[in-house]
Amino acid sequence: MADVSAVASAKADVLVRGGTVVDPRGCYEADVAIDDGRIAEIAPDLAAGRRDEIDARGLLVLPGVIDVHVHFNEPGRTAWEGAASGSAALAAGGGTLFFDMPLNSTPCTVNGDAVDRKRAALEASSITDFGLWGGLVPGSVGEMAEMAARGVVGFKAFMCDSGLPEYPRADEATLENGMREAAALGLPVAVHAESDAIVRRLAQECSGPTAREFLASRPVRAETEAIDLAVRLAGRTGAKLHIVHVSSGAGVAVAAEGRARGADVSIETCPHYLFFTGEDLERLGVVAKCAPPLRPAEDQGQLWSALLDGAVDMVASDHSPSEPSLKIEGDFRRSWGGIAGVQSTLAVLFDRDRHRVSPERIVALVSATPARRFQIERKGTVAVGNDGDLVLVDPMAAHTLDAGRLHQRHKMSPYIGSEFRGTVRRTIRRGETIFLDGRIVAAATRGRYVRPHH
Ligand SMILES: [Zn+2]
């Protein structure tokens with residue numbers, strides 16, 4: 001018997017000892033053994049003898065964060081970010097898998113060839129695993145089957161101007177045809193939901209450079225109107241609809257009503273809508289410009305309520321950096337719209353004293369539900385047979401996010417200077433530690449391309 005167990009132990013690579021494993025259904029004390037990149041055993045007091053034993057006493061052991069919404073801009077716009085720096089920042093925030101949006105890379109990911117090019121670029125540079133969104137733009141409906149065959153997780157459409165001329169908005173016919181095609185392919189359509197008509201009109205009326213004028217140009221009703229249309233189209237076509245970066249409680253409510261009527265809708269929000277308000281925007285400046293914009297405190301309160309009561313399905317960063325020169329201080333009208341916060345999602349969710357989110361709920365929001373919704377096998381929970389993607393969090397350790405802690409390419413983030421309680425100690429991707437106590441330590445292997453199973 002001793003010989004048999006010795007053989008079994010020799011094959012196990014990593015033992016995470018003495019932590020509190022967090023599952024959407026509850027927390028429990030256990031050791032976690034990872035064998036050849038997969039979770040092999042979860043139980044108290046597992047036998048010693050693994051090659052690498054990690055002391056997790058006092059730490060929470062979560063499944064790695066799955067960030068379903070980032071813009072790492074590779075290939076083509078790596079001066080803005082790039083997958084090496086972007087995935088490093090993700091890992092520093094506890095992430096092990098991201099889905100890259102079809103813009104702002106060059107070319108945009110709107111056909112099979114562009115999917116191949118992005119996949120090759122990210123396989124060469126990402127330290128975390130990754131999946132790819134395909135693009136739904138006028139003219140790309142006929143390319144969707146080819147993109148699906150290459151493994152995209154779904155298709156992203158803009159209902160208003162995207163800010164990039166090469167990625168035009170999907171008019172209603174494109175959106176409806178794209179949803180029909182996506183439904184046939186078994187994949188979701190993700191929408192940036194702001195009404196083009198409202199945003200276009202108000203951009204003319206509120207054309208000044210100030211934060212106040214920018215906020216007035218993109219009101220909550222632009223969001224609710226677009227969500228209402230998207231949900232009706234999803235109901236009509238049978239498509240799975242994923243609404244990205246919902247910024248307001250009212251937006252969540254409209255989407256949830258559609259879901260109650262039978263539409264297949266998932267709702268994503270972002271940490272910045274939970275952490276900052278429109279009232280903060282003047283103080284923060286253009287680094288915090290994003291679309292939809294930050295909302296008044298009252299809307300933020302409703303968004304937190306929706307998050308806590310279960311109406312919000314997931315939280316993703318919408319990490320969308322640019323070159324610093326595109327953020328023009330004092331000029332909200334001409335500055336790039338996008339917040340670079342990929343490293344801060346867990347910190348925001350762990351830290352809000354006014355809105356205690358349980359660790360179980362956090363895991364559902366950033367790991368379990370994303371994996372289930374996007375049909376990613378062997379990810380999203382700490383379970384035997386799943387990939388050994390773990391993040392070890394010290395829930396009591398405080399830290400201040402200074403620029404030196406950021407791993408993204410440009411050290412620009414509205415979170416700089418914020419104090420958080422809850423600190424990521426270690427990120428493990430398929431058994432390999434890629435982030436440890438402030439440093440990226442990935443060496444042995446690269447990230448892998450992940451595709452949905454449907
Ligand atoms: Zn985005």
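## Two domains and what lies between them

Let's start with L60, which sits in strand β5 (residues 60–63). Helices (H or I, at least four residues) and strands (E, at least two) are runs taken from DSSP and numbered from the N terminus. The model is predicted, so local features need pLDDT of at least 70 and side-chain atom pairs count only at pLDDT 80 or more, while totals for chains, interfaces and linings use all residues. Residue numbers run from 1 along each chain as its sequence is written.

Is L60 buried or exposed? L60 counts as buried because 21 other C-beta atoms lie within 10 Å. Here, buried takes 20 or more other C-beta atoms within 10 Å of the residue's own, exposed takes 12 or fewer, and partly exposed is in between, with the C-beta atoms placed from the backbone. Leaving out neighbours within four places in sequence, L60 is in contact with G19, T20, V22, P359, V393 and P395. A contact means that two C-beta atoms, placed from the backbone, lie within 7 Å. One of those partners, V393, is 333 residues from L60 in sequence, yet their C-alpha atoms are 5.1 Å apart.

**The two domains**

Now for the bigger picture. The chain is split into domain 1 (2–61 + 386–402 + 421–440) and domain 2 (64–373), with bounds that come from an automatic or database domain assignment. Taken over C-alpha atoms, the domain centres are 31 Å apart. Where they meet, 21 residues of domain 1 are in contact with 22 residues of domain 2. On the domain 1 side, the elements giving two or more residues are β1 (14–23), β2 (26–35), β15 (390–400), β16 (419–429) and β17 (432–436). β16 gives the most, with five residues. By class, this side of domain 1 has 13 nonpolar, three polar and five charged residues. In that count Ala, Val, Leu, Ile, Met, Phe, Trp, Tyr, Cys and Pro are nonpolar, Asp, Glu, Lys and Arg are charged, and the others, Gly among them, are polar.

**The core and strand β2**

Which residues touch the most other members of the largest nonpolar core? They are V32, V61, V189, V191, A230, L241 and I243, in a core of 139 residues. Both domains give residues to this core, so it lies between them. A nonpolar core is a set of buried Ala, Val, Leu, Ile, Met, Phe, Trp, Tyr and Cys residues joined through C-beta atoms within 7 Å. Beyond residues up to four places away in sequence, V32 touches V16, V21, I39, I42, V61, V382 and L390.

A33 is found in strand β2. With 26 C-beta neighbours inside 10 Å, A33 is buried. A33 and S418 are 385 residues apart along the chain, and 35 Å separate their C-alpha atoms.

**Helices**

Helix α2 (residues 83–92) is mostly covered, with ten of its ten residues buried. Those residues pack against β6 (65–70), β7 (95–100), α3 (112–125), β16, β17 and β18 (439–440).

Two other helices form a pair. The axes of α9 (residues 249–260) and α12 (residues 297–308) come within 7 Å and cross at roughly 40 degrees. The axes are lines fitted to C-alpha atoms, for helices over the stretch in contact, and angles run from 0 to 180 degrees between N-to-C directions. α9 and α12 are therefore oblique to each other; angles under 35 degrees count as roughly parallel, over 145 as roughly antiparallel, 65 to 115 as roughly perpendicular and the rest as oblique. In the contact, G249, A250 and V252 of α9 meet D299, Q302, L303, S305 and A306 of α12. By class, that makes four nonpolar, three polar and one charged residues.

**Backbone details**

Here are some residues with positive phi.

| Residue | Phi | Place |
|---|---|---|
| D36 | about 50 degrees | loop between β2 and β3 (38–43) |
| N73 | near 65 degrees | loop between β6 and α2 |
| G94 | near 95 degrees | follows α2 |

Neither D36 nor N73 is a glycine. D36 counts as exposed, with 11 C-beta neighbours inside 10 Å, whereas N73 is buried, with 25 other C-beta atoms within 10 Å.

There are cis peptide bonds to look at as well. The bond from E74 to P75 is cis, with omega near 5 degrees, and P75 lies in the loop between β6 and α2. L103 and N104 are also joined by a cis peptide bond, with omega about 20 degrees. N104 is in the loop between β7 and α3.
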